[in-house]
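Got the viewer open? Here is a short tour, one selection at a time.

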Amino acid sequence: MKWDRKRELRRAFDAPMPGGKREFLARIGKKEAGFGRLLAVQFYYMQKSTWVLNILLFLGTVGSGRMLNIWESRRNLGILLLWLPFWSLLLFREELRCGIYRMEELERSCAYSALEVLVSRLFWTGVLQLLLLGASGILLADTAEEWFAILIYFPVPWLASSLLSLLAIPACGRQQALWCCIGVSALVSVLLAAAVELCPQIYEAGYLAGWLAAAVCLAALNGVQIRKFRKNMEESIWSLQ
């Protein structure tokens, strides 16, 4: 019965074949907006508090590292890593802003897709945090080996917090997602604190290869989870509900 009605509607209304986006824009005299322009627009759209909080967290991390003398005691390095899960929190804070303030419909009505808007924000916040991560390595390391070690140690808590946040966000709902990320960052920080007390030897140089392997695995798992978000965009927290 359902299919019969569909066939009858098709016979009664001979709809034209849908045109593509480029053909439609050419017909109304509008040029297609480039992704580079979107990046430029989103740079100014980013909240000033996002930049300020990232810089403050960077200064707190570097200042703590200097006071703790992390290369004299690897246990102090473990204490310093307690800052890193909150770097990930600031990344998600910016991405979840439109969901918190119920701005998804407004963003989806613009010239770009919701996925392009999300990627552009991730680009700027990600670039900022990568630059700050590299700068923290330069400021905390006295040798090339120490700088290389920081670039291995630091991403592990960041990636762990990011992965758990990506897994938790769909189950939390758009209004509670930020609180979910705060809880995840706090949980990872508590687990790191427990590791400092229970097994401080894991921060010794001999375990550096294990940290590198953990960073690679966590990066791959983050990539898989981000790909799932991209594939299921219409059903995820980033879409209208």
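Before you click, one term: buried means under 20% relative accessible area, exposed means over 50%, and partly exposed is anything in between (1.4 Å probe, protein chains only). This is a predicted model, where local features need pLDDT of at least 70, side-chain atom pairs count only at pLDDT 80 or more, and totals for chains, interfaces and linings use all residues. Residues are numbered from 1 along each chain as its sequence is written, and side-chain values use heavy atoms, with hydrogens and water left out.

**The whole chain**

Start with a cartoon view. You should find 13 helices and zero strands, where helices (H or I, at least four residues) and strands (E, at least two) are DSSP runs numbered from the N terminus. Of the 241 residues in the chain, 41% are buried. Switch on a surface and you are looking at about 14,400 Å² of exposed area, 66% of it supplied by carbon and sulfur atoms; areas come from the Shrake-Rupley method with a 1.4 Å probe, and for residues only the protein chains shown count as cover.

Now think about contacts, meaning heavy atoms within 4.5 Å. Among the chain's contacts with a separation of 6 or more, 77% are between residues 24 or more positions apart.

**Colour by confidence**

Next, colour by pLDDT, the predictor's confidence in each residue, from 0 to 100. The chain averages 76, and 70% of the residues score at least 70. Which elements have the lowest and the highest mean pLDDT? Helix α8 (residues 104-108) is the lowest at 50, and α12 the highest at 87. Then select residues 234-241: pLDDT stays under 50 there, and the model has 22 contacts beyond four places in sequence for this stretch. Where pLDDT is low, the predicted coordinates should not be read in detail.

**The salt bridge**

Select Arg75 and Glu197. They form a salt bridge, with the closest N and O atoms 2.5 Å apart; the term covers a side-chain nitrogen of Lys or Arg within 4 Å of a carboxyl oxygen of Asp or Glu. The pair ties together distant parts of the chain, 122 residues apart: Arg75 sits in helix α5 (residues 74-80) and Glu197 in helix α12 (residues 177-198). The structure holds one salt bridge, so don't go hunting for another after this one. Arg75 is partly exposed because its relative accessible area is 32%, while Glu197, at 54%, is exposed.

**The aromatic cluster**

Show the side chains of Tyr153, Tyr203 and Trp211, which ring pairs link into a cluster. Rings of Phe, Tyr and Trp (its six-membered ring) pair if their centres lie within 6.5 Å; planes under 30 degrees apart count as stacked, over 60 as edge-to-face and the rest as tilted. How many aromatic pairs does a search of the whole structure find? Two. In one of them, the rings of Tyr153 and Trp211 have centres 5.1 Å apart and planes at 70°, so this pair is edge-to-face. It links distant parts of the chain, Tyr153 in helix α10 (residues 144-153) and Trp211 in helix α13 (residues 208-231), 58 residues apart. The rings of Tyr203 and Trp211 have centres 5.5 Å apart and planes at 35°, so that pair is tilted. Buried or exposed? Tyr153 is buried at 0% relative accessibility, Trp211 is buried at 9%, and Tyr203 is buried at 0%.

**A serine in α11**

Now pick Ser162 in helix α11 (residues 155-172). Its relative accessible area is 5%, so Ser162 is buried. Leave aside neighbours within four places in sequence, and Ser162 is in contact with Ser88, Phe92 and Asn222.

**Helices α4 and α9**

Move to Leu139 in helix α9 (residues 114-140). Leu139 counts as partly exposed, at 38% relative accessibility. Not counting residues up to four places away in sequence, Leu139 touches Phe58, Val62 and Arg66. Try a C-alpha to C-alpha distance to Val62: the two are 7.1 Å apart in space and 77 residues apart in sequence.

Last stop: select Val52, Leu53, Ile55, Leu56 and Leu59. Together they form a nonpolar surface patch with about 430 Å² of accessible area. Patches are made of residues with over 30% relative accessible area and no salt bridge, like charges being joined within 9 Å and nonpolar side chains (Val, Leu, Ile, Met, Phe, Trp, Tyr) within 5 Å. Leu59 belongs to helix α4 (residues 48-68) and is partly exposed, with a relative accessible area of 49%.
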